[in-house]
Amino acid sequence: MKELSDYEFWFLTGSQDLYGRDTLKQVAEDSKKIVNSLNYPTDNKKLAYKLVWKPTLLDSESITATIQKANASEKCAGIVCWMHTFSPAKMWIRGLNTLTKPLLQLNTQFNEKIPYSTMDMDFMNLNQSAHGDREFGYITARMDIKRKVIAGHWSHESTRNRISVWMRAAVAATECKNMVIARLGDNMRDVAVTCGDKVEAMMKLGWNVPYYGIGDLIACMRKVKTPAIDELMKVYESKYNIVWGKDPAYTKAHIREQARIELGLRKFLKMTGASAFTTNFQDLWGMKQLPGLACQRLMEEGIGFAGEGDWKTAAMVRVLKIMANGMTGDGKGVSFMEDYTYNLEPGNMLNLGAHMLEVCPTVAADKPTIEVHPLGIGGKQDPARMVFNGKEGKSMVCAIVDMGDRLRIVANDLETITPPEKFEKLPVARVLWKPLPDFTTSSEAWILAGGGHHTAYTNLLDIEYLRDFAEITGIELVHIGEGTTIPAFRNELRWNEAYWSMKK
Ligand code: MN
């Protein structure tokens with residue numbers, strides 16, 4: 001896998017040669033200063049990725065050449081365009097027609113405040129993004145170029161934060177083009193929502209979703225040596241609290257089996273080049289346990305995962321992990337999730353998210369325990385798994401579903417809460433939340449939109465990341481949160497239907 005930190009973004013300054021040498025010298029100096037300040041701000045709150053300054057663009061030839069270089073660059077995950085002065089937009093048509101990278105238009109201005117008493121026409125000429133950026137906006141709107149627009153002064157933290165959000169979404173979209181989601185087995189028999197058009201997913205997002213037989217994993221597990229398992233057991237003991245129970249020998253043997261699966265899965269992912277994978281409890285021939293702890297451990301490191309062969313959700317978990325990368329470690333605060341059980345008490349309606357085994361410990365409130373319990377489904381040995389409660393605070397879930405002619409992301413803002421009572425007998429990791437705007441609206445809207453029961457959950461990212469991702473990749477997104485009402489949401493779904501069938 002490529003290092004995410006290798007990615008960079010190119011900063012393109014638009015102008016024209018009409019201004020004369022002195023003004024253009026100033027334009028170049030100003031834009032260098034902006035790039036430098038965005039890369040190394042005085043408050044040290046840097047952008048998520050590096051910005052690379054490029055020479056001022058003055059004509060159609062240099063614009064086209066620069067955009068083509070950006071398209072060809074493996075490192076470049078997008079371009080940021082800023083019209084320092086007026087840049088007649090017909091010059092941009094040829095280049096923009098070839099653009100294949102995400103585009104952000106930064107509508108900023110070198111000077112922050114209007115210097116009322118001293119300003120003259122020279123000042124006006126050097127601070128005219130107010131109309132330069134509108135000219136650029138016209139052509140990108142008319143050409144229907146996928147883009148994000150951010151307006152604000154470049155020195156402000158809020159502007160920088162928004163650029164970082166977009167950068168993270170652009171890197172995720174870029175990574176999608178190389179993403180392999182290895183399916184161990186097919187999606188679970190007869191389940192509709194986990195199925196989908198893999199050709200469409202590859203055309204739209206770049207996702208490559210190859211099938212592997214469970215024997216491919218077994219072969220990798222057979223190569224795992226005992227000392228490697230011993231080493232990994234030490235890691236488990238130091239990082240998590242192991243509940244040894246009444247029969248420590250039994251517990252140990254079962255955890256060791258998950259260690260073997262984890263090490264086998266690592267080999268398998270390396271062999272297949274996959275950064276996400278799925279399992280299927282109906283397809284475990286030759287396996288002693290359903291992978292539980294093993295999946296949780298890999299997700300903890302940033303790998304995408306979903307159960308029951310749900311490759312779309314596994315890919316979304318990986319997408320969110322990429323967006324969250326480096327925020328608090330590597331992809332912390334993102335997990336595979338499933339809507340499991342409701343609390344329908346009047347005035348306190350809640351949703352409990354969990355899965356059979358595989359919730360990622362990066363969303364845990366405290367140090368997880370490793371426990372071994374029977375699993376009623378799948379007919380295998382009692383699997384080891386991590387158990388914990390989710391960390392409270394603002395969070396979000398999203399599902400990605402195949403509507404037949406397009407992919408749709410359904411997202412819902414949540415408030416994750418600390419469970420009011422102890423779960424004495426629930427042997428799996430769980431997250432309890434209050435969906436926004438309220439339980440009834442959230443569930444009704446989610447179901448009307450066809451959002452599945454499997455989701456990618458995060459307590460780090462908000463809807464703006466998904467909006468940017470959906471814009472860049474050109475897929476539908478519907479959002480449920482504060483302010484959502486069912487009649488308006490229903491209409492949005494109907495209008496979207498018309499829009500997306502027109503787009504096709
Ligand atoms: Mn499931």
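Pro437 sits in the loop between strand E17 (430-435) and H13, and the peptide bond leading into it from Leu436 is cis, with omega near 0°. That is a good place to start exploring, because most peptide bonds are trans. Keep in mind as you look around that this is a predicted model. The bullets below visit the backbone, the metal site, the aromatic rings and the helix packing in turn.

**Backbone spots to look at**

- Asn44 has a phi near 70°, a positive value in a residue other than glycine.
- You can find Asn44 in the loop between helix H1 (21-39) and strand E2 (50-53). Asn44 counts as exposed because its relative accessibility is 65%, and the cut-off for exposed is over 50%.
- Glu308 also has a positive phi, near 55°, and is likewise a residue other than glycine. Its place is in the loop between strand E10 (304-306) and helix H12 (311-324).
- Is Glu308 buried or exposed? Glu308 has a relative accessible area of 10%, so it is buried; the limit for that label is under 20%.
- Why point out these phi values? Most residues other than glycine have a negative phi.

**The manganese site**

- Which residues hold the manganese ion? The ion is coordinated by Glu308 (OE), Glu338 (OE), His355 (NE2) and His454 (NE2), at 2.0 to 2.2 Å. Glu308 is thus both a metal donor and a residue with positive phi.
- Along the chain, the donors of the manganese ion follow the spacing E-x29-E-x16-H-x98-H.
- Two of these donors, Glu338 and His355, link distant parts of the chain, 17 residues apart. Glu338 belongs to strand E11 (residues 334-345), while His355 is in the loop between strand E12 (348-354) and strand E13 (369-372).
- Glu338 is buried because its relative accessible area is 10%, and His355 counts as buried because its relative accessibility is 2%.

**Aromatic rings**

- How many aromatic pairs does the structure hold? There are 12 aromatic pairs.
- One of them joins Phe110 and Trp154: the ring centres are 5.6 Å apart and the planes meet at 20°, so the pair is stacked. Planes under 30 degrees apart earn that name.
- Phe110 lies in the loop between strand E4 (103-107) and helix H4 (121-126), and Trp154 in the loop between strand E5 (148-151) and helix H6 (157-176), so this pair ties together parts that are 44 residues apart in sequence. Both Phe110 and Trp154 are buried.
- Tyr212 and Phe268 have ring centres 5.2 Å apart and planes at 90°, so this pair is edge-to-face. The label applies to planes over 60 degrees apart.
- Tyr212 is in strand E7 (residues 211-212) and Phe268 in helix H10 (residues 248-272), so the pair links distant parts of the chain, 56 residues apart. Phe268 counts as buried, at 0% relative accessibility.
- Ring pairs also link Phe9, Tyr49 and Trp166 into a cluster.

**Lysines over rings**

- Lys32 lies over the face of Trp53, at 4.7 Å from the ring centre.
- The charged end of Lys54 sits over the ring of Trp10, 4.0 Å from its centre.

**How helices pack**

- The axes of H6 and helix H14 (residues 463-473) come within 8 Å and cross at roughly 50°. That angle makes H6 oblique to H14, and their crossing is right-handed.
- The axes of helix H13 (residues 439-448) and helix H15 (residues 486-503) come within 10 Å and cross at roughly 15°. H13 and H15 are therefore roughly parallel to each other, since angles under 35 degrees count that way. H13 passes H15 in a right-handed crossing.
- Helix H2 (residues 60-72) and helix H3 (residues 90-98) pack at an angle of about 15°, with their axes 8 Å apart. This makes H2 roughly parallel to H3, and the crossing of H2 and H3 is right-handed.

**One more residue to find**

- Ser129 lies in helix H5 (residues 129-142). With a relative accessible area of 1%, Ser129 is buried.
- How far apart in space are Ser129 and Lys101? They are 23 Å apart, C-alpha to C-alpha, and 28 residues apart in sequence.

How values were computed:
Residues numbered from 1 in each chain as written. Predicted model: local features only at pLDDT ≥ 70, side-chain atom pairs only at ≥ 80, totals over all residues. Heavy atoms only, no water. Phe/Tyr/Trp six-rings, centres within 6.5 Å; stacked < 30°, edge-to-face > 60°. Helix = DSSP H or I, 4+ residues; strand = E, 2+ residues; numbered from the N terminus. Buried < 20%, exposed > 50% of the residue type's maximum accessible area, 1.4 Å probe, protein only. Lys NZ or Arg CZ within 6 Å of the ring centre and 35° of its normal. Donors = N, O, S within 2.8 Å, 3.2 Å for Na, K, Ca; no water. Axes fitted to C-alpha atoms, helices over the stretch in contact; angles between N-to-C directions. Parallel < 35°, antiparallel > 145°, perpendicular 65-115°, else oblique. Left-handed = near helix turned anticlockwise from the far one by under 90°.
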